[in-house]
Amino acid sequence: MLVVETTVANCHDSKPLLDLLDKANIQPGVRVHADRAYSSQKHRVALKSRGIKNGIQDKAAKHNPLTRRQLWRNHLIAKARYGVERTFGSQASWFNAKILRYRGLAKAHAWHLLLAMAYNLKRLPKGNLPRK
C-alpha cells in the first residue's frame, strides 16, 4: 500500500481520491484503477489534467445503460483491481478487520496503519526477515 487514508463514517469513499493521488505521488502516465463509486466527470477531468490514465469503471445512469464497449472495459478494469480487493479480503480474514473496534479518527487511522503493516509483513517471503 502506498497511502492509508481514514475518513469519518459519513464521508463517501470517492471524496478523498484526489488527495490520495497527491499523497501517493502518482506520476503522469500511470493508470489508476477504481470501481464505479469513483466514476464522475470531476474525477475524469482531474486525472486527465494530471496526465494520469483513467482506469475508473463506467457507471450506468438511469435510462442510459452501458454500451458493450463500456461493459467490456469494466470487465478488464475489474480483472486489474482483483489484487487490491484481495488485499482487503486478506486483511478481513487474517486479522478480523471487518469491524473497527476503536472510536475516534486518530485511533481508527492508527488501526488502519497497523493493518497495512501487518499485511505487508505477512506477505514478506520467509527468507527476507531480518536476522538477530
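Arg101 is a good place to start: with a relative accessible area of 52%, this residue is exposed. The model is predicted, and its chain has four helices and two strands. Below is a friendly tour, from that arginine to two others in helix α3, then on to the strands, the largest pocket and the chain as a whole.

**Arg101, out in a loop**

- Arg101 sits in the loop that links α3 to α4 (105–123).
- Why does Arg101 count as exposed? Its relative accessible area is 52%, and the cut-off for exposed is over 50%.
- Two backbone oxygens are within polar reach of the Arg101 side chain: that of Asn96 is at 3.3 Å, and that of Ile99 is 3.2 Å from a polar atom of this side chain.
- Trp111 is ten residues from Arg101 in sequence, and the C-alpha atoms of the two are 8.8 Å apart.

**Arg81, buried in helix α3**

- Arg81 belongs to helix α3.
- Is Arg81 buried or exposed? Arg81 is buried, because its relative accessibility is 13% and the limit for buried is under 20%.
- The side chains of Arg81 and Glu85 make a polar contact at 2.5 Å.
- Setting aside neighbours within four places in sequence, Arg81 is in contact with His33, Ala34, Asp35 and Gln57.
- His33 and Ala34 are numbered within strand β1 (residues 31–34), so these contacts of Arg81 tie a residue of α3 to that strand, given that contact means heavy atoms within 4.5 Å.

**Arg73, also in helix α3**

- Helix α3 covers residues 68–95, and Arg73 is part of it.
- Which backbone oxygen does the side chain of Arg73 reach at 2.8 Å? The oxygen belongs to Ile56.
- Apart from neighbours within four places in sequence, the contacts of Arg73 are Asn54, Gly55, Ile56, Gln57 and Asp58.
- Among these contacts, Asn54, Gly55 and Ile56 fall in strand β2 (residues 53–56).

**The two strands**

- Strands β1 and β2 run parallel and are joined by four bridges.
- One of the paired residues is Arg31, whose bridge partner in β2 is Lys53.
- Between β1 and β2 the chain passes through helix α2 (residues 41–50), and this β-α-β crossover is right-handed.
- As background, side chains in a regular strand alternate between the two faces of the sheet.

**The largest pocket**

- The volume of the largest pocket is about 1700 Å³.
- Of the 44 residues in its lining, Val3, Glu5, Leu20, Tyr38 and Phe88 are the closest to the centre.
- Which elements give two or more residues to the lining of this pocket? They are α1 (17–24), β1, α3 and α4.
- Helix α3 provides the largest share of the lining, with eight residues.

**The chain as a whole**

- In sequence order, the elements follow the pattern α-β-α-β-α-α.
- The C-alpha trace spans about 60 × 35 × 30 Å along its principal axes.
- The chain has 132 residues, and buried residues make up 26% of them.
- Of the contacts between residues at least 6 apart in sequence, 45% join residues at least 24 apart.

How values were computed
Residues are numbered from 1 along each chain as its sequence is written. This is a predicted model: local features need pLDDT of at least 70, side-chain atom pairs count only at pLDDT 80 or more; totals for chains, interfaces and linings use all residues. Side-chain values use heavy atoms; hydrogens and water are left out. A polar contact is a pair of N or O atoms within 3.5 Å; within protein, one must be able to donate a hydrogen and the other to accept it, and residues adjacent in sequence count only if both atoms are side-chain atoms. Two strands pair if DSSP finds at least two bridges between them. A crossover is right-handed if, with the strands pointing away from the viewer, the path from the first strand over the helix to the second runs clockwise. Buried means under 20% relative accessible area, exposed over 50%, partly exposed in between (1.4 Å probe, protein chains only). On a 1 Å grid over the protein atoms alone, a cavity is a set of points where a 1.4 Å probe fits but cannot get out, and a pocket is an open set with protein on both sides within 12 Å along at least five of seven lines; lining residues have an atom within 4 Å of a point. Grid points are joined across faces, edges and corners, and a volume is the space filled by probe spheres set on the points.
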